[in-house]
Amino acid sequence: MNYATIKNCDIANGPGVRVSLFVSGCTHRCPGCFNEVAWNFEYGEPFTEQTIEMILDMLKPDYIKGLTLLGGEPFEPQNQPDIVKLLRRVRQAYPQKSIWAFSGYLFERDILAGRLGPMEITKEYLSYLDVLVDGPFIQAQKDLSLRFRGSRNQRLIDVPESLRRGETVLWQDWQTEGKGLRK
């Protein structure tokens, strides 16, 4: 896997100050995408053990509330194994920090249905997430007033609660002190 960039003080992609990893590679190719350069799987830098160590170090300060995964597409099957290696380490080192992911794939139709590679990897991936912002960016539904997403079709999903209940549960802004931002 390659990554396009890492931001260590991101306030736009989840609650609080966050570290954001923008992975490379996306097959959605949404018109109007803000990060077209990251569609190419070869773009950017190789994701290595040193990259994981750098991200873990960036997450150390107490003011950093969590990690956000964006792209490109972090749920592309070829990106999932490296993401899971990272998330194992993040969850072990910082269990109190929240983990968010953005995906153009749909939670029920694509991710839970096992359409994105080996399901055991996807299940482990989901087990580390607090919130998933799902759905492709749709330019005709672009809305700059939305918090943490670019178009009205995209949903903020409370992943642990959704998995527990066996139905999709939406995350709400009032949950900032709860699951979307770990205490």
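In this predicted model, D82 and K85 form a salt bridge in which the closest N and O atoms are 3.5 Å apart. The two residues lie 3 residues apart in helix α2 (residues 80-93), so about one helical turn separates them. D82 is buried, with a relative accessible area of 15%, whereas K85 is partly exposed at 42%. A search of the whole structure finds 13 salt bridges, and helix α2 also takes part in a contact with helix α4 and in the largest nonpolar core.

**Other salt bridges**

- D110 forms a salt bridge with R115, and the closest N and O atoms of this pair are 2.8 Å apart.
- The partners in this pair sit in contrasting surroundings, since D110 is buried at 3% relative accessibility, while R115 is exposed with a relative accessible area of 53%.
- E161 forms a salt bridge with R165, with the closest N and O atoms 2.9 Å apart, and because these residues are 4 residues apart in helix α5 (residues 159-165), they are separated by about one helical turn.
- E161 counts as buried at 12% relative accessibility, and R165 counts as partly exposed at 46%.
- E161 and R165 also belong to a network of salt bridges that links them with R164 and E167.

**Packing of α2 against α4**

- The axes of α2 and helix α4 (residues 119-128) come within 9 Å of each other and cross at roughly 35°, and this crossing is left-handed.
- On the α2 side, the contact is made by Q80, P81, I83, V84, L87, R88 and R91, which meet I121, T122, E124, Y125 and Y128 of α4.
- Sorted by character, the residues of this contact divide into 7 nonpolar, 2 polar and 3 charged.

**Nonpolar cores**

- The largest nonpolar core has 34 residues, and L21 and F75 are the residues with the most contacts inside this core.
- Elements giving two or more residues to this core include the strands β1 (2-10), β2 (17-23), β4 (64-70) and β5 (98-103), together with the helices α1 (49-58), α2, α3 (107-112) and α4.
- Among these elements, α2 gives the most to the core, with 5 residues.
- Leaving aside residues up to four places away in sequence, F75 touches Q80, A101, S103, Y105, I111, L116, T122, Y125, L126, L129 and L132.
- Apart from the largest core lies another core, of 9 residues, and its members include F22, V133, F148 and W171.
- As general background, nonpolar side chains in soluble globular proteins tend to be buried together.

**Backbone features in loops**

- A cis peptide bond joins G71 and G72, with an omega of about 15°, and G72 is placed in the loop between β4 and α2.
- R29, a residue other than glycine, has a positive phi near 50°; R29 is found in the loop between β2 and β3 (45-46) and counts as partly exposed at 45% relative accessibility.
- F148 likewise has a positive phi, of about 65°, although F148 is not a glycine, and the place of F148 is in the loop between β6 (131-134) and β7 (155-158).
- F148 is buried, with a relative accessible area of 8%, and F148 is also one of the residues in the core of 9 residues.

Key: Residues numbered from 1 in each chain as written. Predicted model: local features only at pLDDT ≥ 70, side-chain atom pairs only at ≥ 80, totals over all residues. Heavy atoms only, no water. Salt bridge = Lys/Arg side-chain N within 4 Å of Asp/Glu carboxyl O. Buried < 20%, exposed > 50% of the residue type's maximum accessible area, 1.4 Å probe, protein only. Axes fitted to C-alpha atoms, helices over the stretch in contact; angles between N-to-C directions. Left-handed = near helix turned anticlockwise from the far one by under 90°. Contact = heavy atoms within 4.5 Å. Nonpolar A, V, L, I, M, F, W, Y, C, P; charged D, E, K, R; others polar. Core = buried A, V, L, I, M, F, W, Y, C linked by side-chain atoms within 4.5 Å.
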